[in-house]
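I opened the file to go through its chains, one sheet, the cores and the contact between chains. My notes follow in the order I looked things up.

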Amino acid sequence: MTHAIGRKKPSRLTRIPAGWLGVLFAVVSLASLALLAHLSVSIATDAVKRDAEARMVSTSSLSAEVVRAELERLKELVTSYAARPSLVAALRDGARTRAENQVIRQHLDELRVARSGIATAFVVKPDGTLIDVVPATPSIVGKNYSFRDWYIGLSRTGNAYISQAYRTQAGNRKLVVAASTYVRDGTNQVGILVAAYGVDFLQEFVSGLATAQDVTLSITDQRGTLVATSSRTPRELISKRADPRVAAALAGETGVVQLDAGEGHQLSAYSPVVPDLGWTVTASVPTSSAFATVGKLRSTVLSIALVLGLVLLGALLVLVRVLRARQRAEQEVRRLVNLNRAVLNAAPDAIFMLDPEGRMLAQNTATYALSQEDAMRTGRADPDADENVYERLREYDAPTDVEQWRRTIDALERDPELEVTYDYERTDGRSFRVYTAPVRDGARVAGRIFVHQDRTPEREAERMKSELVATVSHELRTPLASILGFAELLRHRDVDDATHERYVDTIHGEAYRLTNLVNDFLDLQRIEEGDFTLTLDAFDLAELLGEQVAVFKVQSIRHELQLELEGDEEPLTVLGDRERIAQLVANLLSNAIKYSPDGGPISVRCAANGGQIEVAVSDPGIGIPADQQQHVFTKFFRVDSSDTRKIGGTGLGLALCREIVDAHGGRIGFESVRGEGSTFWFTLPAVHRANGHGPRRILVVEDDPAAAALLGDYLADEHHTFEFTATGEQAISRALEDPPAVICLDIALAGELDGWQVLAQLKANPATAQIPVIVCTGRNGRDRAAALGTADFITKPFSGRRIRDAVARVLPSGGRGTVLVVDDDPAVRALVRETLVRDQVKVREAADGEEALEAIAEQQPDALVLDLVMPTLDGFHVLDRLQDDPRTKLLPVIVLTARRLSGEEHDLLKARSVSLLEKSAYSPQELRALVDRALVDAA
Amino acid sequence: MPPRVLICDNEEVLRTLVRDALAIADYEIVEARDGDESVQAARSCEPDLIVLDMMMPGRTGLEVLSELRSEARFAETPVIMLTARAQASDRNAALAAGVDRFLAKPFSPLALASVVEELLDGRS
């Protein structure tokens, strides 16, 4: 059959955690968004930049042109004045008349006002000596100014010349540039006419220009000295030669450059005014304003990108949450499906569900197993997924009443609402109960569930129970019939005295039989229900057997009862409930006598056999037929033959015996030959030395006699004696009366107190708190045990070695063994001796390898503590020698060394299974543990 | 010649009780201790009446009865069934098998005696 509860594989995508998926999407989409924003901004920036650069270049070129034109006009003005004939005439001679001087003055005055901005106008002789100047500055007249640039430049070019900026000595000592030209009389140079043009006027002009172009302009002369800027008037001669823009313009280049001007970037363009003039113009705008539109664009783009990004992130977040919720939901669904399947499969009943068309919707493993079984029986294949299962059920031929079965199936298929429980039996003897009901999904009937329960054990139990009731009823009615019948005869008939006495005897005997029957039955019932506790005690079984034999000797003179005890050099001590064991022995003896009607010897043998004590009761009686032997321990069974009819009995005695022996962890059995007699035997766990009172007494608190005996067995040696108790109450009172050396405590105990309570009480009382307690239990609770202060915690089942180790650790023991300490350092020997002597170990010493071998030869120790580095013969050699001698080959060795061992040496030691303790890691506990283990090994 | 009564029961004490109950009249008593013995005893002594215990080792009382009834000479022999099984189903099974009277243990020996007398009278 197919499993309808299928497992669908989740898609690969849904298996990636939603968080990671979200991060991945966010990174990809935000990166592309950023790239897009960056591209658009950079494209726009490039365009704007090109535009701004073009504007700068045109501005600088235009400004250069305007400046050039202005200065050209100044040159022309001066040149036109220099050509005035009256001026030429006035300058023609070296000696000038007053009138001529006035003429010159007049021209100069005119020139000065011919154009605003001309600060001074003056005339010098061709050698540079000042002739006159306006405004009049008599102090400098006659001084030679041939050092001025206007003079040098003019004499170099011969043509009208615009000078570098300089500070004039005339008038208000302004910064000026001068336009100079020769005054010629024909070809004779008669003087030089100069107009000094104040840079502040140039400044005004530049400012106007700059405002119009919305740039910062600066103008430098041929030396690179700042002549004017649009921002402020230079008061000093400031050289801008170092400015790369100026330097480039002076070299005659035009260009655009972006500079870091200190307070933000600047975009500048520079141009030479004219090559012969040698001036330069630099136009600058702050990058911020040049690229203002770019900035605006960028911020817009970035805002949009930001908004988009946020929206995207938000959407992703929502998506991730939705995805996560869905993944969680899917996981939950998977978990629920798995859980449902697990729940169904955990049921021992076959549970399956059919849809309204009869198709299999779901089934558990028990159903599967059942249908497999059926398929094996009938050889039919598994049904298909869409097969009508009702058909198959109808064809099911295992039920004893197939007609009834088919009618039921028909009814179920016809009526989807039918809810019914029906039982059926199968031809193979098994019984089943089927519960079936509609499965509803809301108001709709989604199908039908079948719960198919194997009731075979229950039916068997019911059958046995009713059989038991019938048997008990029969067993009770037989003596009752006798009692009532004879009583009636006594009342209503006159009988002679002998008959009267016989009737009364019979009534008495039958009443007694009835009492025994009831007692045995109740006893057995109680034992079977586990509602009884064994009062465990270690007692001498031989003594008990003696008592019982004596009792039965009196009862029958025809039988010779003999008690044979084997292995009588030590008492045959067992651990058990003395009263129950007495009951057991009495039952066996009573049977031996009853079933030996002809009398004869009845022997009771008792022998220790390993950890068990075996008791056998043999009779020469009628024996048990082989075909009935298997029922001997069954309740109410009585061997039935003509020989046994006269023998009364409840048929419960041996069943009771078996329960008692089982409860003690022993075994019971018999050998019998019909007509020759029977031997019934049982075994009980032996205890070696019980109820000692020495200082090394172990109190075993354990309600399971087999476990207690095993513990006793494991720990048995000449140093230990034992006392056993089954209840916590008794354990506590014994621990107070006569404190044992150690207590082995089970947790599950007979009586009111459990092991935990016992432990707590022992530890709470100062008189018993010091007694080490080893908890031996099948339960958990190591931590709890440690918290309550136990010495050790051992989980059942445990090995003998484990419990011996535990006891050896907590129990001070004298002469546990001899350890030879071999070390050349007396301090180390002393340390080891001190550590081990406290642990009741005898310590001998040797100072080197030779001495060690001598000491070992003299008397072999139980273990060796060996140093590796020693004079004469080192530790490895000692190990070799020990290895070679069969007597010392198995001697446990603990290597105690300060030396760092090589890997090879480690392997060497490991191969010889030598324990290793490095002196650097030395601790007394460690050494003690190693020596303990070595001594246990040696033992 | 006194009527012959066969008592079939595996319990000696009950056989004694039946015998003592019938001691008031002059009956010849024959005893059998299990099913097989009962059939044999019936065949050998041809009793006038049989007191039969239901639960016996070997063959049960019912099995003994059906075997005997199959023989013509026992077809009319009165049979009183004694049994510790007192349920109606047991009683019905016994009557169906051809038991004349059914007495549940514990039974009254006086009643048994009168039933025996009555059945033997009816026969004679």
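Entry 1, chain B. Before listing elements I fixed the terms: helices are DSSP runs of H or I with at least four residues, and strands are DSSP runs of E with at least two. The model is a predicted one. I then read chain B from the N terminus and found its elements in the order β-α-β-α-β-α-β-α-β-α. That gives chain B five helices and five strands. I looked up burial next: of the 124 residues in chain B, 44% are buried. I also checked contact range in chain B, taking contacts between residues at least 6 apart in sequence, and 64% of them join residues at least 24 apart.

Entry 2, the contact between chains. How many residues does each chain put into the contact? I noted 20 residues from chain A and 19 residues from chain B. On the side of chain A that touches chain B, helix H13 (456-492) and helix H14 (497-528) each supply at least two residues. H13(A) gives the most to that side, with 14 residues. By residue type, I recorded six nonpolar, eight polar and six charged on the chain A side.

Entry 3, a sheet in chain A. I traced an open sheet of five strands with parallel pairing, in the order E24-E23-E25-E26-E27. Strand E24 (721-725) and strand E27 (792-795) of chain A are at the edges with a single partner strand each, so one side of each has no neighbour in the sheet. Neighbouring strands are turned by 20 degrees against each other on average, direction ignored. I looked closer at one pair: E23 (697-701) and E25 (742-745) of chain A are joined in the parallel sense over four bridges. In E25(A), Leu745(A) stands opposite Val701(A).

Entry 4, helices on that sheet. Helix H20 (755-764) of chain A lies across E23, E25 and E26, at about 175 degrees to E26(A). Helix H22 (800-810) of chain A lies across E23, E25, E26 and E27, at about 170 degrees to E27(A).

Entry 5, nonpolar cores. Which members of the largest nonpolar core touch the most other members? Among its 83 residues I found these to be Leu541(A), Cys744(A), Leu745(A) and Ile774(A). Helix H16 (578-594) of chain A provides the largest share of this core, seven residues. Apart from this core lies another of 73 residues, including Leu74(A) and Tyr197(A). I went back to Leu745(A) and listed its contacts beyond four places in sequence, among them Val701(A), Val758(A), Leu759(A) and Ile774(A).

Notes:
Residues numbered from 1 in each chain as written. Chains lettered and ligands numbered in written order. Predicted model: local features only at pLDDT ≥ 70, side-chain atom pairs only at ≥ 80, totals over all residues. Contact = placed C-beta atoms within 7 Å. Nonpolar A, V, L, I, M, F, W, Y, C, P; charged D, E, K, R; others polar. Pairing = 2+ DSSP bridges. Axes fitted to C-alpha atoms, helices over the stretch in contact; angles between N-to-C directions. Buried ≥ 20, exposed ≤ 12 C-beta atoms within 10 Å, placed from the backbone. Core = buried A, V, L, I, M, F, W, Y, C linked by C-beta atoms within 7 Å.
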